Structure formats: structure tokens, C-alpha cells
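Visitor: Please walk me through this model, beginning with a helix and ending with confidence.

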Amino acid sequence: MGGVGLVSRKLTPAGEWQSVAVHGKTDCMMSRRGKNPPAVPKSGVDGSLTPHKWLLAGAIATALVGLGVAGGVFFALRWAFPSPVGVSADEWLYNLVRSTIAAVGVLTGGGAAFIAYRRQRSIEAQNKLDQAQNRIDQTRSETDRYARAVDQLGNPAAAIRLGGIYALEHLAKDSTPNQQMIVEVLAGFTRNRMAETAETHWQREDVSNGPITACCEPTHEALARIPTDVKAALTVLSRLASKRGAPPGDLSHVSLSRADLPEFTIANLNLFGADLREANLRGADLSRSSLRNANLMRADLSHACLGGADLSRADAGGANLREADLREADLREADLHGTDLRRAKCSRANMSGAGLGGANLARADLAGTDLTGVSLRGARLHQADLTGADLRGANLTQADLADAVLANADFAGADMAGANLARVALSGEQAAYARTRHALNVLDDAESLPGPTVPAKQRATD
């Protein structure tokens with residue numbers, strides 16, 4: 001017999017209802033005696049109640065329960081409070097009904113409040129379970145993403161390594177708790193890649209013997225180009241620290257000597273003791289980076305942004321910092337001998353104890369800069385702005401300060417022997433002090449300018 005797909009009914013001339021199975025391989029004819037078709041349940045296909053009937057049944061059941069409760073309360077009150085003497089039966093009955101309604105209302109409200117409370121607690125418990133499960137799922141997903149990204153970093157293909165670096169960046173954005181770990185991984189990757197690059201390029205081919213031998217120093221051509229994946233890692237580290245509040249990447253003592261990174265962004269990084277000798281960082285952004293004890297000798301940092309950077313005790317002798325932004329930078333005890341700082345913005349920078357002998361600071365902005373104890377011997381400060389600068393105890397011997405602005409500058413205790421103060425407007429006390437320190441070309445008719453002058457105690461000592 002074939003399967004039955006659909007059943008239809010029809011009335012024969014003999015007055016019989018027939019059920020015909022169609023859409024099968026064979027037709028099955030079944031007859032039933034009677035004048036009317038078989039009864040079809042109206043409540044549903046399987047005889048169950050439809051939703052609106054369930055609602056009606058629930059309402060009826062609730063009403064019956066309510067009536068039962070009201071009746072029970074009524075009789076309980078009638079038994080507990082019999083009719084008092086002097087009160088009519090109608091009044092007593094009215095008061096009893098009213099009390100019953102009030103009691104039922106209280107019970108109903110209390111029951112509804114209890115049910116709502118239990119429902120709320122149940123929802124909160126379920127929400128907590130859902131949140132815990134979501135955290136577990138998220139942690140599992142983040143772990144899988146991290147493992148795949150780290151595995152990509154070790155791939156020999158550069159494109160896949162780049163994918164791993166950017167995958168870690170996206171993970172750091174999505175997962176704040178994992179930022180520290182991701183930053184450490186990218187910093188370690190950068191150090192290792194630069195070490196591999198240096199080792200590779202420190203080798204040269206010996207034409208006479210054929211085998212590869214090691215040289216003592218890397219050539220300029222060897223380390224001029226930084227691998228693309230290293231640049232990407234540096235960019236991601238800087239971006240995470242600047243925009244995502246991640247900890248600064250630890251690139252201390254990394255070797256970037258003679259690196260070609262013009263207009264590159266490596267801000268907010270820890271470059272303590274880094275080797276940046278002769279690096280091309282023209283127009284680069286190193287703001288708020290730590291460059292303590294870094295080697296910046298003969299590096300090109302012209303037009304670079306070093307605002308708020310820590311350059312304390314850095315060796316930047318002979319570096320090109322022309323028109324660089326060093327505002328609020330920390331340059332304490334830095335070696336800046338022979339540095340080109342023309343038109344540099346150094347306002348509010350701390351240069352106390354720095355060595356600036358022979359440096360070119362022509363037209364530099366040094367307003368409000370701390371230059372206490374700084375050696376400016378033979379430095380060129382032509383047309384420099386030293387408004388409000390602190391030059392106490394500085395060595396200005398043979399410095400060229402022609403046309404400089406020294407309004408409100410404090411140079412108490414400074415050595416100004418042979419300093420050129422041509423066309424420099426000084427207050428009367430400043431001019432008198434400069435003469436006692438054997439400065440040259442001090443104006444006789446100096447302007448009277450406001451601001452701090454040489455302290456009385458210092459004048460008495462001199």
C-alpha cells in the first residue's frame with residue numbers, strides 16, 4: 001500500500017459519506033453509513049483547547065477561586081465577629097461584606113506582590129546566569145583569537161604576520177583586561193624582529209672566500225629600512241597607548257640605529273636607553289615617550305614632536321632638532337652639545353643641568369623654560385625668546401644673546417663673562433648685574449622692564 005497524503009470526503013448518491021485518500025500510490029476508499037459527515041473537533045486539530053479558550057478557562061478558574069476565598073473570608077469574619085447588641089442585622093451584614101472585600105483586597109494585593117517579587121528574583125537569577133555564561137563564552141572566544149593571532153606572528157609570510165598584529169590590536173580594543181598582555185607580546189615581537197634584522201644585516205659576503213662573515217658595525221644601507229611588520233607593531237603600540245589607555249609598550253634598549261622613520265608615530269612608548277643614533281625621525285611624533293638615557297647622537301629630529309617627552313640624561317649631541325616641538329619636555333641633564341635647536345619650541349621645558357655648549361638656539365622659544373645650572377657656553381641664542389626663563393646659575397660665557405628677549409628672565413648667579421647682549425632690552429638691575437659679570441655690549445640706556453631681577457642678597461655678595 002502506498003502512503004496516504006490527503007483525505008477528502010464526499011457524499012454518494014446512495015447517501016453514504018466516503019473518505020478518499022489521495023496523493024498516494026494507491027487510493028484507499030472507506031465508507032461510513034450515515035446522513036451526516038463525521039464530527040470534526042472544533043477546538044483544534046488534535047482536540048486541544050485553542051489559546052482564547054485557555055484564557056477563558058483560566059479566567060473562570062480564577063473567578064471561582066476568588067469566590068471561594070471571599071466566601072471563606074466572609075464566613076470566617078461572621079464566625080469571629082458575631083452581630084453586636086444594638087446593631088441591626090442589615091447594618092451588621094453590610095459591615096461584614098465591606099470587611100470581607102477589604103480583606104480579600106489585602107490578600108490579593110499581598111499575593112500579587114509576592115508573586116511579582118518571586119518573579120523578579122527569578123528573572124535576576126536568570127540574568128546572572130546568562131551573564132556568567134556570556135563571560136565564559138567571551139573569554140573562550142578571546143582566548144581562541146589570541147592564540148590564532150600569536151601563531152600568525154611566527155609565520156614566515158610577512159602578510160600573515162601583519163594580520164596577526166592587527167588581530168591583536170582589535171582584541172585589545174575589545175578586551176581591556178588583555179591589553180597588558182597584548183602590549184607585552186607586540187613589544188617582544190618588535191625587539192626580536194629588530195635583533196634578527198640587525199643580525200642579518202651585520203653580515204656581508206666575502207667575495208674572495210665565498211662564505212658569509214660578520215662585520216663589526218652595521219652599514220647605513222643595512223639598517224636604513226625597517227621591516228613592514230615592525231613598523232606596524234610600533235604603530236599599533238603607539239595607537240593603543242594614545243587612544244585606548246593601554247600601558248606604554250616596553251621597547252627599552254631597542255636598536256633603531258640609522259632607522260628611516262620620517263613622520264612616523266611612536267608616541268607614548270617606553271624607549272629607555274634605545275639606540276637611535278643617526279636615525280631619520282624628521283617630523284616624527286615621539287610625544288610623551290620615555291627616551292631617558294637614549295642615544296640620539298646625530299639623529300635627525302627636525303620638525304619632530306617631542307612635547308611632554310622624557311629626554312632626561314639622553315645623549316643628543318650633534319642632533320638636528322631644528323623647529324622641533326619640545327614644549328614641557330623633560331631634558332634634565334641631557335647632553336645637547338652642538339645640537340641644532342634653531343626655532344625650536346622649548347617653552348616650559350625643564351633643561352636644568354643640561355649641556356648646551358655650542359648649541360644653536362637662534363630664534364628658539366625658551367619662554368618659561370627651566371635653565372638652572374645649564375651650560376650655554378658659546379651657545380648661539382640670537383633672537384631667542386627667554387621671557388620668564390630661569391637662568392639662575394647658568395653658564396652663559398661667550399654666549400651670543402644678541403637681539404634676544406630677556407623680559408622677566410632671572411639670571412641670578414649666572415656666569416655671563418664675554419656674553420654678547422647687543423640690542424637686548426634689560427631692566428636697570430639686570431643691566432647692572434650683567435656689567436658686573438663682564439657681559440659685552442650692555443645697553444647704557446636700558447629699558448625699565450617689569451619682572452624678577454637679581455636678588456638683593458646676590459647683589460650684596462657680588
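**Helix, core and confidence**

Guide: Gly G245, with a positive phi near 70°, follows α6. This is a predicted model, where local features need pLDDT of at least 70, side-chain atom pairs count only at pLDDT 80 or more, and totals for chains, interfaces and linings use all residues. Residues are numbered from 1 along each chain as its sequence is written, and side-chain values use heavy atoms, without hydrogens and water.

Visitor: What span does α6 reach from its first C-alpha to its last?

Guide: Helices (H or I, at least four residues) and strands (E, at least two) are DSSP runs, numbered from the N terminus. α6 has 16 residues, and the expected value at 1.5 Å a residue is 22 Å; that expectation is 1.5 Å times one less than the number of residues. The model comes close to it, at 22 Å.

Visitor: Which element gives the largest share of the largest nonpolar core?

Guide: A nonpolar core is a set of buried Ala, Val, Leu, Ile, Met, Phe, Trp, Tyr and Cys residues joined through side-chain atoms within 4.5 Å; buried means under 20% relative accessible area, exposed over 50%, partly exposed in between (1.4 Å probe, protein chains only). This core has 94 residues. Among the elements giving two or more are α2 (89-153) and α7 (428-436). The largest share, 7 residues, comes from α6.

Visitor: Where in the chain is confidence lowest?

Guide: pLDDT is the predictor's confidence in each residue, from 0 to 100. The chain averages 79, and α3 is highest at 93. The lowest mean, 34, belongs to strand β5 (residues 212-214).
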